[in-house]
Amino acid sequence: MAGPLTFTYANQTVNRLGYGSMRLTGDGVWGYPKDRNEALAVLRRAVELGVDFIDTADSYGPYVAEELIAQALHPYGDVKIATKAGLLRTGPNLWFPCGRPDYLRQECEMSLRRLGQESLDLFQLHRIDATVDANEQFALLRALLDEGKVQAVGLSEVTVEQIKAAREIVPISTVQNLYNVTNRKSEDVLNYCEGEGIAFIPWFPVASGDLARSGGPLDTLAQQNGATIAQLSLAWLLRRSPVMMPIPGTSKVAHVVENCGAVRVSLDDDTFDAIGALAG
Ligand SMILES: NC(=O)c1ccc[n+]([C@@H]2O[C@H](COP(=O)([O-])OP(=O)(O)OC[C@H]3O[C@@H](n4cnc5c(N)ncnc54)[C@H](OP(=O)(O)O)[C@@H]3O)[C@@H](O)[C@H]2O)c1
């Protein structure tokens with residue numbers, strides 16, 4: 001484990017192993033889940049197991065994941081809800097950036113309403129819209145922060161240069177990029193975040209592909225450590241950096257229990273290095 005199991009950003013201290021709610025929706029991240037009761041149970045079980053950072057977005061469903069979170073968990077107590085805006089949805093598996101400031105403001109207002117909050121814990125720009133001046137998008141985030149509509153601001157799928165540009169206008173508390181054992185293209189962004197004390201939220205944190213196949217190298221290491229591949233992936237991430245906050249997503253209670261067990265998987269130096277070398 002790298003450092004403590006908690007991380008503090010913008011005066012919010014949370015357990016570093018969170019939960020991602022995208023998988024609670026219907027196929028193609030569209031519509032309602034087949035089993036609403038299971039979705040609600042996943043959220044409640046995650047919190048019972050110590051998760052107090054839940055990632056979501058207006059676009060999951062759209063609106064479905066936020067609705068389910070509110071139904072399962074409101075009032076949230078110490079649990080922080082991290083939502084996002086900036087992607088339009090026109091059908092299953094269809095996502096289009098939209099960073100017009102008036103649209104981002106509307107989505108902030110609607111997330112407040114759906115989540116039943118007076119201020120969003122963390123508001124993340126899902127994508128920087130290349131068709132809109134980036135500074136206008138950052139300025140809107142700044143305005144929402146100054147107005148108290150949001151407590152903290154994050155970015156998603158950004159480069160180091162984009163984070164630096166945004167920070168000229170608005171404090172950035174978190175960065176959410178694709179990152180896992182098998183895909184480390186955002187290594188430079190992670191290192192920048194670590195140096196600056198910004199939370200790095202790796203999405204798609206459970207390793208996949210050839211390295212994670214049954215009988216493959218990660219499977220072998222997992223068995224040697226009395227863990228599953230998912231737990232090994234998450235334990236490696238937690239140890240990789242003290243600013244790492246993985247948000248594994250699942251629609252199943254059994255998997256949420258398994259994933260939360262990753263905090264008890266302790267990797268020795270050799271195992272940590274061996275995993276690191278696999279896709280390095
Ligand atoms: N910022 C962005 O652009 C962005 C993009 C994508 C996702 N996200 C966020 O990141 C979160 C995590 O990403 P993700 O959901 O794509 O990836 P993930 O958490 O790495 O993997 C989810 C997939 O793995 C399966 N899974 C989860 N736990 C498992 C386990 N213990 N054993 C076997 N299979 C398991 C899930 O299926 P089951 O449902 O069957 O468990 C699902 O198919 C999302 O929920 C969302 O909040 C953000």
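This briefing covers the sheet, a hairpin, one helix and the ligand shell. The model is predicted. Its open sheet has 7 strands with parallel pairing. The ligand has 22 residues around it, and helix H9 gives the most to that shell.

**Sheet**
- The strand order is E3-E4-E5-E8-E9-E10-E11.
- E3 and strand E11 (199-203) are the edge strands, each with a single partner, so one side of each has no neighbour in the sheet.
- Strand E5 (residues 80-85) and strand E8 (residues 122-125) run parallel and are joined by 4 bridges.
- Ala-85 has Leu-125 in E8 as its bridge partner.
- Helix H3 (residues 101-115) packs on the sheet and touches E5 and E8. The direction of H3 makes about 150° with that of E5.

**N-terminal hairpin**
- Strand E1 (residues 6-9) and strand E2 (residues 12-15) run antiparallel, joined by 4 bridges.
- Thr-6 has Asn-15 in E2 as its bridge partner.
- 2 residues lie between E1 and E2 in this hairpin. Ala-10, in the turn, has a positive phi of about 45°.

**Helix H9**
- Val-256, Asn-259 and Cys-260 are buried in H9 (residues 253-260).
- Viewed down the axis of H9, its buried residues fall within an arc of 95°, so they line one face of the helix.
- These buried residues pack against strand E3 (19-20), helix H1 (36-48) and helix H8 (229-240).

**Ligand shell**
- The closest residues are Gly-20, Met-22, Trp-203, Gly-249 and Thr-250.
- H9 contributes 3 residues to the shell.
- The shell divides into 8 nonpolar, 9 polar and 5 charged residues.

Definitions and conventions. Residues are numbered from 1 along each chain as its sequence is written. This is a predicted model: local features need pLDDT of at least 70, side-chain atom pairs count only at pLDDT 80 or more; totals for chains, interfaces and linings use all residues. Two strands pair if DSSP finds at least two bridges between them. A residue is buried if 20 or more other C-beta atoms lie within 10 Å of its own, exposed if 12 or fewer, and partly exposed in between; C-beta atoms are placed from the backbone. The arc is that of the directions from the helix axis to the C-beta atoms. Two residues are in contact if their C-beta atoms, placed from the backbone, lie within 7 Å. A residue is near a molecule or strand if its C-beta atom, placed from the backbone, lies within 6 Å of it. Ala, Val, Leu, Ile, Met, Phe, Trp, Tyr, Cys and Pro count as nonpolar, Asp, Glu, Lys and Arg as charged, and the others, Gly among them, as polar. Axes are lines fitted to C-alpha atoms, for helices over the stretch in contact, and angles run from 0 to 180 degrees between N-to-C directions.
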